[in-house]
Amino acid sequence: MVTGTIQLLRSIYPFPAVVGQDRVKRALLCAAISDELRGVLITGPAGTAKSTVVRSLRSVVPSLRIKNLPLNVSEDRLIGGIDVDHAIKYGEKRFQPGILKEIDGGLLYMDEINLFDDRITQRVLDVMEGGENRVEREGVSGLHATSFALVGTMDPAEGAISSHLLDRFDICVEMDHLLDRDSRMEVLRRRLIHEADPQGLALSHGNQMAEMIEDIKEARERLPLVLVPDGMYETVSRLTMELGVEGHRGDLAMIRTSKALAALDRRDQVCLDDLHEAASLCLQHRRRDPDNEKEDTGPSDSSPNERDIPEQTDDSEWEPPSAPGEDCGGGSEEVFSIGDPFVVIDYLKPSERRMDLGKRRGKRGSTGESAHPGRCTTFRIPSREVTDIALVPTLRAAAPYQIQRRRPDMAIVLESSDFREKVRVSKNGTTLLFLVDASGSMGARRRMVAVKGAILSLLKDAYQKRDAVGLMAFRKDSAELMLPPTKSVDLAYSRLREMPTGGRTPLAMGLSKAASLLSSDKVSKDDDLVMVIVSDGKANVPLDDGDAFADAMVMAERLSSLPIRFVVVDTGSGYPRIDRAQRLSKALGGTYFRLDDLNSERLARSIKMAVHG
Amino acid sequence: MKDVLLLNVVNPSIGGVLIRGEKGTAKSTAVRALAELLPAREVVKGCPFHCSWNDNDRLCSNCQDALADGQVLDKETIPMRVVELPLCATEDRVAGTLDISHAISTGTKKFEPGILAEANGNILYVDEVNLLDDHIVDLLLDAAAMGMNFVEREGVSFSHPANFILIGTMNPEEGDLRPQLLDRFGLVVDVQGERDPVNRVDVIKRRIDFESRPDEFLKMYDESQNQFRITLVEARGRMRNSEVNSDILEAAVEISLHLGVDGHRADLTLVKAAMAWAALNGKEKASTEDVLKVARMALPHRMRRQPFEESKLDIRELDQWLQERFSS
């Protein structure tokens, strides 16, 4: 059977015809000549020719087999499984290797690597690093050696790749933004020629390609002879230590990449320039400390929250009073602009979950097994009656016994022991309801600008994880649902922008309304429910005539038994710090954050200060 | 909306259309009507994947095997059509999977084509594309990226061409489209219900007319349909013969730079759409005006660089800027 190996020879874009992108090209060439460099990750926004450049590699390394790993790959095809044909014919179980064997000596290409099932990516990386694939499944065991390079491309806007997977890549490069006019025109011109007349473009770069093919061949031969001067090892380890790189993979990748770079430049010895270049290829994604990177971006990046308080005075929009006679004290009504967003810490970490809620398991957005349709990733031997039969695995399980069971009236004889059922995973949706305190106290010292900035950041976070978000604001005498839970984060954004501030603080009422919304039919019952309460906790509107904050606390106690996770973001600032939001969080059994702590950069910085004094 | 759809017929590599608008604004009707105007195409005879007859670089596994065996692939001409991707489609139906009945009756593996196979060379129409499941979107992106669909599951390993014009509709109030999928749509058009009462009446009358006596209704438009088809064929011819000139390249790049659009897809779409637009209007050569004309279709959905930045395309501002930029 023909495999999916890319055979589009004529339509391959010529490698030298790719405009710019020198770093990406160098990275790919390193991987092409070195058998020790295995993982290359290329990141960049959509439409920046990531896949084009990867696929074009073949035009200068004609012997290279590139195999495209599709997103729909199933485990049995990837790692191998039982040889069904053999099983039916001879009644024997035999291992049939999968793609990981077929790609031996070639290059595996994973486009959109961040969208793959984590298990698949993990497996590929494990095998790539270990050089062997050990399989125990479907009653067969198999073991084979395999050696291949992996190139992954991804758009960070579509979601991140976890850092332990990231670390496994030797090289990680970002696509350059081509901003000057002439290069962009050249990109365009060549692309159009390529589409109309691929051979024409290949011919016009024929000499360059022929040269490169020779160069690469030569570099491959030279590489084993390249020497690394003794002092270089020390330089490398000092550099990685200084940059706070964890583990030794970075050091190894540095040395290997430097050697490949030297070989590409026809040198027999690694020099400092190689190290320098290698560092930019190998260490960017391993740095633990984002501060260094941010320093040079100037003050615009630092602490937007505090900056906004004294400065911005004229870019807020004043909302005309919406209805006469509505104002009931607590100062005037104002619509604040939205402060600068930031990267949010993982504020819904599994460790901060309440474990006693039973039904709500699994980390946020993790894949949980569920009854409703989702991606079928694997199968299992059913424990009870089979409802969701996995036909193919069932047939595979039955295959070896067909010779013994052969009956003239049936093509295949299945017995109950053969049945396998599907294990479906669907991304657990998360519904986040933002319950925002929009009372007058939040407007003090333009705190609302920062608060909106923080909510925007949380919205962005929700967007990347494709959560549903809703927005409810409480102020004056009631809580108002500004946006029912929706996947349209843009809509949430515009509601947030329009959200006015002013009036008193009916906290208890807000809590009760928000909880009843999350318990209503409007919210999918299978979703993880999270209520993010953004407030300073200074309640001053009681439910009846009692104490407003006491009411809120009673309400919180009551809500804590609901299958909802609570996150309280304390917007209070200044001294003495009022611990009301914290007490509220405790009563809810939720997680407590101060507004400033949500900022991942700042948090990193404050932890650093705490550690280093 | 009609213009945008026609541009894609003139040059299918523009990359499809996203139609944004409320319910009941004849989105689906327009797309289905488009099928009538589509040209025929030459495919490999008997191939379930409709491999293009003259494109040996992109053949399905079967045709590749046949070629390798030294067989000659026959030609057949079939009409293009609109293939619909329903929202409830499962992964295996979209990408294709193992043919179970074949496996059971003969014990050998055979690939059963999915919707992507059907869509090859045709129009793939997704109503409410923003409600499509994430993992189905992933499949679409994967196929659209290469123009090929690779299947590696359940013991089958198969590839076939999946080159299609993607047409999607969405009601923006029901949720966003992922930026990557958004970027794959060449052009975008916002439709609104007809606001003019006279036209509204006309719309309703025609619809009722059509429903009560469809045959006669179609006959009424036979003439103009035919005329239209001829126009399109001519435009395609002009398009094929026209050369890319530096003027429009420069205009496209300048516009993208001015608006801060990331990636090269915007530039590429601008140029292709401008050329198609010129061809459609009987011009031999595209000019900067054509670029501006299509800018309002090719750019609105690419304006955003961040999910939350306001993504409004100010046509008047752009117009003025272009005037100043290119008149000097």
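Among contacts in chain B between residues at least 6 apart in sequence, what percentage join residues at least 24 apart? The figure is 72%, where a contact means that two C-beta atoms, placed from the backbone, lie within 7 Å.

Welcome to this predicted model, in which local features need pLDDT of at least 70, side-chain atom pairs count only at pLDDT 80 or more, and totals for chains, interfaces and linings use all residues. Residues are numbered from 1 along each chain as its sequence is written, while chains are lettered from A and ligands numbered from 1 in the order in which they are written.

Here is chain B in brief.

| Property of chain B | Value |
|---|---|
| Helices (DSSP H or I, at least four residues) | 15 |
| Strands (DSSP E, at least two residues) | eleven |
| Buried residues (20 or more other C-beta atoms within 10 Å of their own) | 43% of 328 |
| C-alpha box along the principal axes | roughly 70 × 50 × 40 Å |

Now for a meeting of two chains. The axes of helix 8 of chain A (residues 181-196) and helix 12 of chain B (residues 246-259) come within 9 Å and cross at roughly 125 degrees; axes are lines fitted to C-alpha atoms over the stretch in contact, with angles from 0 to 180 degrees between N-to-C directions. These two helices are therefore oblique to each other, as angles under 35 degrees count as roughly parallel, over 145 as roughly antiparallel, 65 to 115 as roughly perpendicular and the rest as oblique. On the helix 8 side, the residues in contact include A:Met185 and A:Leu188, and helix 12 of chain B brings B:Leu249 and B:Val253, among others.

Notes. A residue is buried if 20 or more other C-beta atoms lie within 10 Å of its own, exposed if 12 or fewer, and partly exposed in between; C-beta atoms are placed from the backbone.
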